[in-house]
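Reader: I am new to reading structures and would like a close look at one part of this one. Please take me through a single helix and its surroundings, step by step.

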Amino acid sequence: MSDPLRRIDALVEEDTLPSPQVRQQLRLAAGLTQAEVADAIGVQRVAVARWEAGLTQPHRGNRLKYAHLLRKLAAKHPDAVAGAPDEG
């Protein structure tokens, strides 16, 4: 399976998150700020910044909400994940 397809498959899993770089690319493709994403999930902006930097991972409840948001953004903006490298 090609790398882009593997990354897209990962987005389909209920609580699987794409790489931090893809998370940021999806948010930017949708024209959203970190504060807007944070507000939608119910966390502080700094949490989203840390998730996108790969410094921390969201806890289970937030992870499910974040993964759901990212899946929706990936469906709406498939080109945002097409050129991203795999998470190693």
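Author: Two residues are in contact when heavy atoms of theirs lie within 4.5 Å. The model is predicted, and the part chosen here is helix 2, residues 20-29.

Start with Arg27, which is found in helix 2. Leaving aside residues up to four places away in sequence, Arg27 touches Leu32, Thr33, Gln34, Val37, Glu52 and Leu73. Is Arg27 buried or exposed? Its relative accessibility is 8%, and buried means under 20%, so Arg27 counts as buried.

Arg23 is also found in helix 2. With a relative accessible area of 1%, Arg23 is buried. Its contacts, again not counting residues up to four places away in sequence, are Leu17, Pro18, Trp51, Glu52, Thr56, Gln57, Tyr66 and Leu70. Glu52 is thus touched by Arg27 and by Arg23.

Now take the helix as a whole. Its buried residues are Pro20, Val22, Arg23, Leu26 and Arg27. They lie on the same side of helix 2, because they cover an arc of only 165° around the axis. The spacing has a general background: an α-helix has 3.6 residues a turn, so residues three or four places apart point the same way. Just after helix 2 comes Gly31, with a positive phi of about 70°.

Two of the residues that Arg23 touches, Trp51 and Tyr66, deserve a separate look. The structure holds one aromatic pair. It is formed by the rings of Trp51 and Tyr66, whose centres are 4.7 Å apart and whose planes are at 40°, so the pair is tilted. This pair links distant parts of the chain, with Trp51 in helix 4 (residues 45-53) and Tyr66 in helix 5 (residues 60-76), 15 residues apart. Both Trp51 and Tyr66 are buried.

The last step is the nonpolar core. In soluble globular proteins, nonpolar side chains tend to be buried together. The largest nonpolar core here has 18 residues, and those touching the most other members are Leu26, Ile41, Val43, Trp51 and Tyr66. Helix 2 is among the elements that give two or more residues to this core, along with helix 3 (34-41), helix 4, helix 5 and helix 6 (79-82). Helix 5 supplies the largest share, six residues. As for Ile41, its contacts beyond four places in sequence are Trp51, Asn62, Lys65, Tyr66 and Leu69. Ile41 therefore touches both rings' residues, Trp51 and Tyr66, whose rings make up the tilted pair.

Key
Residues numbered from 1 in each chain as written. Predicted model: local features only at pLDDT ≥ 70, side-chain atom pairs only at ≥ 80, totals over all residues. Heavy atoms only, no water. Helix = DSSP H or I, 4+ residues; strand = E, 2+ residues; numbered from the N terminus. Buried < 20%, exposed > 50% of the residue type's maximum accessible area, 1.4 Å probe, protein only. Phe/Tyr/Trp six-rings, centres within 6.5 Å; stacked < 30°, edge-to-face > 60°. Arc of directions from axis to C-beta. Core = buried A, V, L, I, M, F, W, Y, C linked by side-chain atoms within 4.5 Å.
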